[in-house]
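Q: Hi! Could you walk me through this model before I head back to the bench?

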Protein chains: 2
Amino acid sequence: MRSFMSIIVLGTVALDTVKTPFGIRKRMLGGSAAHFSMSCRLFTSVNLVAIIGEDFPAEHIDFLRRKGVILTSLIKGNGRTFHWEGEYKGDLNTALTLNTELGVLSAFRPTVSEEQRKIKHIFLANVDPDIQRHLLLRMRSPSLVGLDSMNYWIHHKLRPLKRLLKMVDIYVANDQEAKSLSGEDNLIRAARCLRFYGPKMVLVKKGEHGVLFCSDKFIFSIPAYPTEKVVDPTGAGDTFAGAFMGYLSQKGKINADTIRRAIAYGTAAASFNIEDFGLKRTSRLTLKDLRGRMLRLRECVLF
Amino acid sequence: MRSFMSIIVLGTVALDTVKTPFGIRKRMLGGSAAHFSMSCRLFTSVNLVAIIGEDFPAEHIDFLRRKGVILTSLIKGNGRTFHWEGEYKGDLNTALTLNTELGVLSAFRPTVSEEQRKIKHIFLANVDPDIQRHLLLRMRSPSLVGLDSMNYWIHHKLRPLKRLLKMVDIYVANDQEAKSLSGEDNLIRAARCLRFYGPKMVLVKKGEHGVLFCSDKFIFSIPAYPTEKVVDPTGAGDTFAGAFMGYLSQKGKINADTIRRAIAYGTAAASFNIEDFGLKRTSRLTLKDLRGRMLRLRECVLF
C-alpha cells in the first residue's frame with residue numbers, strides 16, 4: 001500500500017430508511033462514510049473507519065469489500081447499527097428527519113492500524129467532533145485533512161467543533177451550516193469568515209445550486225450538474241466530498257487547478273448519487289461516467 | 001438611427017421606496033424599464049416606452065436623457081407615478097412588498113413613433129401582459145423579443161400571458177415564476193417545460209444562485225458574481241436583462257457563443273446594481289467595469 005495513494009475516511013455506516021416522491025426504501029446501506037467511499041474508490045484506495053452493529057447484514061460488508069473499500073477499521077459494536085429515517089418532499093432539497101437511532105454510534109471510538117496511521121489524506125465525515133478529533137490525533141503526519149459536520153454539532157458541540165476546525169485544511173459545509181457557524185447571512189462573507197476559524201479552504205455545498213469554494217487565493221463557484229431526475233438526495237454531499245478528496249489524493253498536489261477540477265468531479269459524482277436510492281447508482285459508477293459529466297458540466301459554464 | 005443598433009424596452013418608470021438593513025430611500029427613481037435602460041445603454045441605444053405621472057420630478061427625466069436613454073415614448077399621464085414600496089431583510093433575497101400604488105400605470109397604453117416601430121429588438125419588461133402584447137403588435141418586424149413577467153400575472157392573467165409567450169423568443173423568469181408557471185418543482189424540468197409555451201429560449205434568474213439558460217440546443221448555467229455587499233437588490237433582474245439584451249443587440253447575431261457571453265455580462269451588471277440603492281451604482285457604470293467583472297466571473301467558473 002503506497003500511503004500517498006490512500007485515503008482514510010471516518011464517518012458513519014448506516015441503515016437508512018428513506019421516503020421520497022419516488023418510493024420508500026427500508027434499512028438500505030447508507031451513512032456518510034459509505035457514500036463517501038462509493039465515489040472516492042474511483043480515484044484512490046479508501047480506508048473506511050466506522051462502526052456497525054450486530055444487526056448489520058453480511059451482504060453489505062461483502063458489497064463494500066467487492067467495491068474495493070478497505071474494511072480493516074470497520075468495527076462491530078455491541079448493539080444496533082446507526083439508523084436514520086428521513087423523508088423528502090416537493091423539490092427534494094431538504095430532508096425531514098423522522099427518526100434517528102444512534103445505536104452503536106453512541107459509544108464509538110475509532111481505531112486505525114499502525115499502517116493506516118501513516119496515511120496522509122484524511123476525511124472526517126459527519127460524526128461527533130470529539131470522535132473526529134480522536135481519530136485525527138491518532139494520525140502520524142496528515143498532509144490534507146477535510147472536515148464535514150452538521151448543524152446539530154454547531155448547536156450542541158460548538159467548542160469541540162471550533163477546536164477541530166483549527167486542525168483541518170478544508171472545511172466542507174452546506175449553506176445553512178456556513179451561515180449558522182459564521183453568523184453571516186451573505187454566503188460569500190460566510191465562506192470567507194469561516195477561514196478565520198482555521199481551515200485554509202472552505203467549500204460550501206448549496207444542493208441544487210452547486211458549490212462555492214473560497215481560499216485566501218481565489219473563489220470558485222459552479223452550479224450543480226443539471227439533473228432532471230432527483231430520486232434521493234441522501235448522501236449527495238458525502239459523494240461530492242468522496243470524489244473531491246479522491247481526485248486531490250490521486251493527483252497528490254493541491255493547487256488552484258487541481259482544486260477546481262476536484263470540485264467539478266465532486267459535482268459530477270453528486271449528480272449520479274441523487275438519481276437513485278442510496279448507493280444504487282454510485283455503486284456501478286465508473287471513472288468514464290464521471291469524466292463524461294465533468295466535461296459536460298464544463299460546457300454548461302463555458303463563456 | 002440604425003435600427004439594428006437600437007432596442008425598445010417597455011416597462012415601468014417608478015418611484016421606489018426601499019428599506020434594507022443599510023437604510024431607507026424614499027421615492028427614488030426606479031422601475032423595470034429604468035433599471036433595464038441603465039445597463040442596456042452601455043451596448044446600444046435604448047428607446048424607453050413607459051408612463052410617468054404629473055408628480056414625476058423633472059430631474060429624473062434630465063437624468064435619463066443625460067444617460068442617453070431615448071425618451072420620445074415616455075408619456076406623461078394624468079395622475080401619480082407608479083409607486084412601489086418594499087423591504088428586504090436578512091440575506092436580502094426576497095422583497096416584502098409593503099405598498100403598491102399603480103397611479104397612471106392602470107390606464108397605460110404604450111405608443112411608439114413610426115421610426116421606433118422599425119426597431120427589431122424588443123424587451124417587454126414586467127407590466128400587464130395585455131399592455132406588453134399591445135406594444136408588441138405595434139412593432140413592424142421584431143427579430144428578437146424578450147419577455148419578463150411576475151408571479152402576479154401568472155396568477156391573475158394566465159391566459160393573456162400564455163398567449164403572449166407564443167409570440168416571444170426569450171422568456172426571462174425568476175425561479176419561483178418558472179416553477180409556478182410550469183408546475184414543475186425541478187428547475188431544469190421547469191425551464192425545459194416552459195419552452196413548450198412558445199419561447200425558444202428560457203432564462204431562469206435565481207438571485208444569489210445565478211442564472212440557468214435553456215434552449216433546445218444547450219443548457220448554460222453560471223453562479224452569481226460573488227458579492228459580499230448587497231445593499232438593495234431591487235431591479236437586479238432588469239439590470240441583468242438590460243445587459244443581456246444589449247449585448248445581443250450590439251452583436252446582432254444570436255448563437256450559443258453570444259448568448260453565453262450575454263448572460264455573463266448580464267450577471268456582471270446585476271452584481272453592480274445590488275451594491276447600492278436604486279440606480280446609484282449602475283448610473284455610473286462603464287463598459288470597462290462590466291467587462292472586468294465578466295472576466296473575473298469567468299475565472300470563478302474555470303476548470
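A: Happy to; we can go through the chain contact, the salt bridges, one helix and the rings.

Q: Great. What should I know about the model and the numbering?

A: This is a predicted model, so local features need pLDDT of at least 70 and side-chain atom pairs count only at pLDDT 80 or more, while totals for chains, interfaces and linings use all residues. Residues are numbered from 1 along each chain as its sequence is written, chains are lettered from A and ligands numbered from 1 in the order in which they are written, and side-chain values use heavy atoms, leaving out hydrogens and water.

Q: Thanks. How many residues does each chain put into the contact?

A: Chain B gives 33 residues and chain A gives 32 residues, where contact means heavy atoms within 4.5 Å.

Q: And what area is buried between chain B and chain A?

A: About 2,900 Å², with carbon and sulfur atoms giving 54% of it. Buried area here is the accessible area (1.4 Å probe) that two parts lose on being put together, summed over both. His209(B), Glu228(B) and Phe303(B) supply 29% of what chain B buries against chain A, more than any other three residues.

Q: How many salt bridges are there between chain B and chain A?

A: Two, counting a side-chain nitrogen of Lys or Arg within 4 Å of a carboxyl oxygen of Asp or Glu. Arg192(B) forms a salt bridge with Glu228(A), and their closest N and O atoms are 2.1 Å apart.

Q: OK, and how many over all chains?

A: The structure holds 31 salt bridges over all chains. One of them joins Asp128(B) to Lys157(B), with the closest N and O atoms 3.0 Å apart. Asp128(B) is in the loop between strand 8 and helix 3 of chain B and Lys157(B) is in the loop between helix 4 and helix 5 of chain B, so the pair ties together parts 29 residues apart in sequence. Helices (H or I, at least four residues) and strands (E, at least two) are DSSP runs, numbered from the N terminus.

Q: Is Asp128(B) buried or exposed?

A: Asp128(B) counts as buried, at 16% relative accessibility, whereas Lys157(B) is partly exposed at 24%. The cut-offs are under 20% relative accessible area for buried, over 50% for exposed and partly exposed in between (1.4 Å probe, protein chains only).

Q: Switching to helix 5 of chain B: which residues are buried there?

A: Pro160(B), Leu161(B), Leu164(B) and Leu165(B), in a helix that covers residues 158-165. They cover an arc of only 140° around the axis, which puts them on the same side of helix 5 of chain B; the arc is that of the directions from the helix axis to the C-beta atoms.

Q: What do they pack against?

A: Several elements of chain B, including strand 8 (121-124), helix 3 (129-138) and helix 6 (175-182).

Q: Last topic: how many aromatic pairs are there over all chains?

A: There are 16 aromatic pairs over all chains. Rings of Phe, Tyr and Trp (its six-membered ring) pair if their centres lie within 6.5 Å, and planes under 30 degrees apart count as stacked, over 60 as edge-to-face and the rest as tilted. Phe36(A) and Phe123(A) make a stacked pair, 4.8 Å centre to centre with 15° between the planes. Phe36(A) sits in helix 1 (residues 32-40) of chain A and Phe123(A) in strand 8 (residues 121-124) of chain A, 87 residues apart.
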